[in-house]
Amino acid sequence: MWVVVCYDVNTETREGRRRLRRVAQVCKDYGQRVQKSVFECQVDEMKFEQLRRKLLKEVKLELDNLRLYRLTEPRDRHVEQYGVVRTVFFDEETLVV
């Protein structure tokens, strides 16, 4: 399944800036950054639960905002992209040169 992860971490303190980096790193482990605080992830149900659990461990719910959106398949029918696009499709074969 395709999941969009969006977050807004309060960075007014040093601890908040660290939290922001940790949240971004968790997201990088599961998908690709499509905007500064937005990631697209292609995960199965088990990986989705791991991702959610790790993110909830990093954010402070009283200060931060975290949103997880499950995209309806097929993704290409429901996502419109404009401007510079750097999407990687994980289920396609990769050509290494």
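A polar contact is a pair of N or O atoms within 3.5 Å, one able to donate a hydrogen and the other to accept it. The exercises below apply this and similar cut-offs to a predicted model.

**Exercise 1.** Find which residue caps the N-terminal end of helix H2, and describe the span of that helix.

*Solution.* Begin with the helix itself: H2 covers residues 45–58, and its 14 residues reach 20 Å from the first C-alpha to the last, close to the 20 Å expected at 1.5 Å a residue. Next, look at the N-terminal end, where a side-chain oxygen of Asp 44 lies 3.2 Å from the backbone nitrogen of Met 46, so that this pair falls within the 3.5 Å cut-off. The capping residue is therefore Asp 44.

**Exercise 2.** Decide which residues of H2 are buried and which are exposed, and explain how they are arranged around the axis.

*Solution.* First list the buried residues, which are Phe 48, Leu 51, Leu 55 and Glu 58. These cover an arc of only 95° around the axis, which means that they lie on the same side of H2. The general reason to expect such a pattern is that an α-helix has 3.6 residues a turn, so residues three or four places apart point the same way. Then turn to the other side of H2, where Met 46, Arg 53 and Lys 57 are exposed. Finally, ask what covers the buried residues: the cover includes strands E1, E3 and E4 together with helix H1. Leu 55 serves as an example, since, leaving aside residues up to four places away in sequence, Leu 55 touches Val 5, Val 23, Val 26, Cys 27, Leu 66 and Leu 68.

**Exercise 3.** Examine the salt bridge between Asp 64 and Arg 19, and say which parts of the chain the pair ties together.

*Solution.* Start from the distance: the closest N and O atoms of Asp 64 and Arg 19 are 2.7 Å apart, and the cut-off for a salt bridge is 4 Å. Then locate the partners, for Asp 64 lies in the loop between H2 and E4 whereas Arg 19 belongs to helix H1, so the pair ties together parts that are 45 residues apart in sequence. Now check the accessibility, remembering that buried means under 20%: Asp 64, at 9%, counts as buried, and Arg 19, at 1%, is buried too. As a last step, widen the view to the network of salt bridges that links Glu 15, Arg 19, Lys 60 and Asp 64.

Key:
Residues numbered from 1 in each chain as written. Predicted model: local features only at pLDDT ≥ 70, side-chain atom pairs only at ≥ 80, totals over all residues. Heavy atoms only, no water. Helix = DSSP H or I, 4+ residues; strand = E, 2+ residues; numbered from the N terminus. Expected span 1.5 Å × (residues − 1). Buried < 20%, exposed > 50% of the residue type's maximum accessible area, 1.4 Å probe, protein only. Arc of directions from axis to C-beta. Contact = heavy atoms within 4.5 Å. Salt bridge = Lys/Arg side-chain N within 4 Å of Asp/Glu carboxyl O.
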